[in-house]
Amino acid sequence: MLDPVPRTDARPGLSGIAPDQLAAWLADRGEPLYRTRQIAEALWHGDAAAAGDVAPLPAMLRDALDASFRWDTLAATEFTQADEGLTEKALHRLGDGALIESVLMHYPARPGRRERHTLCISSQAGCAVGCPFCATGELGFARDLETAEIVDQVRQAGRRLAAQARRLTNVVFMGMGEPLLNLDRVLAAVEALNDPGRFGLGARRITISTSGVVPGIRRLTALGPQFTLAVSLHAARDALLIRRPVAEVVAAAREHAGATGRRISYEYTMIGGINDTPTDADALAQLLRGDHAHINLIPMNAVAHTPWQASPMPVIEQFAGRLREVGIATTIRRNRGAEVGAACGQLAARAAGEPPAATVARRRERLVRESAAALRGERTPDPAPVAVAVAGAGER
Ligand code: SAH
Ligand code: SF4
């Protein structure tokens, strides 16, 4: 694995500093305690671009804040719109050049339902899990995000919405990275987002999605009902698409639901001819029969390096029907922003440039071979994490 990308700015992001640490930092400078509140108000709900812009603070304190902390850890952001403005993709460059994505999705009000504004955020630059249908998986792993880098995606979306007199209503960890492999920082970020003195978003409005990292799920279970957990399952049979034993993942999800009293939410990416047959539906129905579970079927977004495509809609409808027959709540999710590559990791992958044709051909050959083996029920070994310098891509 390559060394982590070197930092160009050693100052920590201010939004990742816990309130008691900030209070101690202020006390060291002889500042009154109410400065903590003033800073928090400007940081979490204001539109200042730097500490220097926070008018109520004395100039010396603004300079000291600037010298010690980064007000915003997102160095640059490029926005793209899709779905007639209902989906806004942001490609962020971090201080060291690493690229990450967030996607803001607007859901207009419907009868009986208020409007929603959901932000999908990244927890890592790249991902080491390497799911074969995922653009982030293809990028490989660059590094974990800092707490501030996670929450600054949310602060930015909050500011954009506030300028239109709207509020962010939901946050989902469904962008780049595996949140449960950066769990300490993800939990610190969730705490900051949830804290009424900071971002103030209800815990139930925060969803963490995992590819099935069992020790991480158990850790969340021990914490109690804090936020919503979604488990990416994609297969009811071992070795097909996920590299973890399905039964173990489902058992951990069940324990989580039992301890928290919340319904288990599964995501199942529908890939034509791979995991969408009636046999797959029946295996899934068998696996989850009797559970208080909800399944979201997601048509696969086409990704450059894979030979796979989304299952046709009638196949997805039929699959859903077989699950509903045994009483499993099933919904079909329309992919947002597909035309601008808004699926997990696709923007960053595009910015990193297309790999050479020979590399793509080799990968396709391996995927076809592995999926054929998986369909025969053979497991492929865990891959060694691949590291790539996502940072370099920022300079293109
Ligand atoms: N690593 C976590 C969270 C980020 S991925 C996880 O895997 O759950 C968020 C969701 O995007 C996952 O459910 C994943 O399966 C899905 N996803 C990844 N690539 C996709 C693609 N090409 N088309 C549709 N969904 C995809
Ligand atoms: Fe990582 Fe999730 Fe993509 Fe799998 S689907 S490679 S776990 S980001």
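**V154, the core and two ligands**

I will start with one residue: leaving aside its neighbours within four places in sequence, V154 is in contact with L119, I121, L168, V171, L193 and F199. Before going further, I should say that what you see above is a predicted model.

From V154 we can step out to its wider surroundings, the largest nonpolar core, which has 86 residues, and in which L119, V154, L193 and M270 touch the most other members. Where does this core lie with respect to domain 1 and domain 2? Domain 1, residues 14–68, and domain 2, residues 74–394, both contribute residues to the core, so it lies between them. For the protein as a whole, 43% of the 396 residues count as buried, and the chain forms 13 helices and twelve strands. If we take the contacts between residues at least 6 apart in sequence, 71% of them join residues at least 24 apart.

Let me turn now to the ligands. Around ligand 1 there are 16 residues, of which C134, S209, S211, S232 and N301 are the closest. Which elements give two or more residues to that shell? They are β8, residues 206–210, and β10, residues 264–270. Sorted by class, the shell of ligand 1 holds eight nonpolar, six polar and two charged residues. Ligand 2 has twelve residues around it, and those that come nearest are C127, C131, C134, G137 and S211, so that C134 and S211 appear in both lists of closest residues. The shell of ligand 2 is made of six nonpolar, five polar and one charged residues.

Strand β10 deserves a longer look, and it is mostly covered, with five of its seven residues buried. On one pairing, three bridges join β10 to strand β9, residues 228–232, and the two run parallel; here S232, which we met among the closest residues to ligand 1, stands opposite E267 of β10. On another pairing, seven bridges join β10 to strand β11, residues 293–299, again running parallel, and in this pair T269 stands opposite I298.

After β11 comes M300, in the loop between β11 and α10, the latter being residues 313–325. Is M300 buried or exposed? It is buried, because 23 other C-beta atoms lie within 10 Å, and the cut-off for buried is 20 or more. Although M300 and M270 are 30 residues apart along the chain, their C-alpha atoms are separated by 5.5 Å. Not counting residues up to four places away in sequence, M300 touches F133, T269, M270, I271, W308, Q309 and A310, and M270 is also one of the core residues that touch the most other members.

Finally, the backbone. Most residues other than glycine have a negative phi. With that in mind, look at E84, which is not a glycine and yet has a positive phi of about 50°, and at A165, likewise not a glycine, with a positive phi of about 55°. E84 sits in the loop between β1, residues 74–82, and β2, residues 87–94, whereas A165 sits in the loop between α5, residues 147–162, and β7, residues 170–173. Why does E84 count as exposed? Because E84 has 6 C-beta neighbours inside 10 Å, and exposed means 12 or fewer. A165 counts as exposed for its own 6 C-beta neighbours inside 10 Å.

Conventions: Residues numbered from 1 in each chain as written. Chains lettered and ligands numbered in written order. Predicted model: local features only at pLDDT ≥ 70, side-chain atom pairs only at ≥ 80, totals over all residues. Near = placed C-beta within 6 Å. Nonpolar A, V, L, I, M, F, W, Y, C, P; charged D, E, K, R; others polar. Core = buried A, V, L, I, M, F, W, Y, C linked by C-beta atoms within 7 Å. Domains from an automatic or database assignment. Contact = placed C-beta atoms within 7 Å. Helix = DSSP H or I, 4+ residues; strand = E, 2+ residues; numbered from the N terminus. Pairing = 2+ DSSP bridges.
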